[in-house]
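Here is my note on the structure for your reading group, set out as numbered points. Please keep the model open beside the text and find each residue as it is named.

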Amino acid sequence: MPLSGGHAALDFVNTVDSRRGRWGPDLLGSLGDLVVLAERLGLVDPLEGEHLKCVAAADTQDAGIVLLEAVNLREAAYGVFEAEDRGGVALTSQLRVLEQAARKARAREVLKMTPEGLRWKLPLEERRDIVDLFALEVVELLIDASVRRPVRECKGDNCGWLFLDRSKGGRRIWCSEASCGTRERSKRLRSRRNQDQGKSTR
């Protein structure tokens, strides 16, 4: 999938192919898919990624439960960010899902030395750590709302992906000019041509 959200939290939410016009398909078919996404976003290094893939693929009873937690987190995050786009208020139930997930993640963080100095980091050892990693990304993006660019929902047909609007005028309406933007312009052009042809035959 294209990474057009502009932030890891939004690319996580965008793991549903379409939310407008139709829903799906769901691109998050396994926790392994979530690990691959984290690798592409640079949230985990190759060694951490390989370990997490092995942990995610292990045939244990809680595999489906953890995947469901990831999906519930994603849908709650979508609801909160979508409310931001339309200038509404997020549902309390959605905020609680994010709060609880972030609390669990924070409880497992440890102090680690990084090139930037000491930082709180998830150990990335257990299956749930990959979900916790994205929970922290979501909550941090929400907390930064007053100092970042706004989150928008793509207005293209059969899309609905979220993105940070970094356009100069703050009027971006598509997740990608190359995909939804091109399709919408082509659709409008065809519509105008059909209208012109209709007028010429009268």
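1. The buried residues of α6 pack against α1 (8-13), α2 (31-40), α3 (46-57), α4, α5 and β4 (162-164), where helices (H or I, at least four residues) and strands (E, at least two) are DSSP runs numbered from the N terminus. Please bear in mind that this is a predicted model, in which local features need pLDDT of at least 70 and side-chain atom pairs count only at pLDDT 80 or more, while totals for chains, interfaces and linings use all residues. Residues are numbered from 1 along each chain as its sequence is written, and side-chain values use heavy atoms, with hydrogens and water left out.

2. Twelve of the 15 residues of α6 are buried, so this helix is largely enclosed by the rest of the structure; buried means under 20% relative accessible area, exposed over 50%, and partly exposed in between, with a 1.4 Å probe and protein chains only. The buried residues of α6 are D129, I130, V131, D132, L133, F134, A135, L136, E137, V138, V139 and L141.

3. The length of α6 (residues 129-143) can be checked as well: at 1.5 Å a residue its 15 residues should span 21 Å, and its end C-alpha atoms are 21 Å apart, which agrees. The expected span of a helix is 1.5 Å times one less than its number of residues.

4. One partner of α6 deserves a closer look, since the axes of α2 and α6 come within 10 Å and cross at roughly 50°; axes are lines fitted to C-alpha atoms, for helices over the stretch in contact, and angles run from 0 to 180 degrees between N-to-C directions. The two helices α2 and α6 are therefore oblique to each other, given that angles under 35 degrees count as roughly parallel, over 145 as roughly antiparallel, 65 to 115 as roughly perpendicular and the rest as oblique. Here L31, L34, V35, L37 and A38 of α2 meet I130, V131, L133 and F134 of α6, contact meaning heavy atoms within 4.5 Å. By class, this contact of α2 with α6 has nine nonpolar, no polar and no charged residues, where Ala, Val, Leu, Ile, Met, Phe, Trp, Tyr, Cys and Pro count as nonpolar, Asp, Glu, Lys and Arg as charged, and the others, Gly among them, as polar.

5. Helix α4 (residues 63-86) packs with helix α5 (residues 92-108) at an angle of about 130°, their axes being 8 Å apart, and α4 and α5 are therefore oblique to each other. The contact is made by E69, N72, L73, A76, A77, G79 and V80 of α4 together with Q94, L95, V97, L98, A101 and K104 of α5. The residues of this contact of α4 with α5 divide into eight nonpolar, three polar and two charged.

6. In the segment before α1 we find S4, which counts as buried at 16% relative accessibility. The C-alpha atoms of S4 and S176 are separated by 6.7 Å, although these residues are 172 residues apart along the chain. Leaving aside its neighbours within four places in sequence, S4 is in contact with D11, W161, F163, R172 and C175.

7. Some backbone details merit checking, because most residues other than glycine have a negative phi, and most peptide bonds are trans. The peptide bond from G24 to P25 is cis, with omega near 0°, and P25 lies in the loop between α1 and α2. Phi of L124 is near 55°, a positive value in a residue other than glycine; L124 counts as buried at 7% relative accessibility. Phi of N158 is also near 55°, and N158 counts as partly exposed at 38% relative accessibility.
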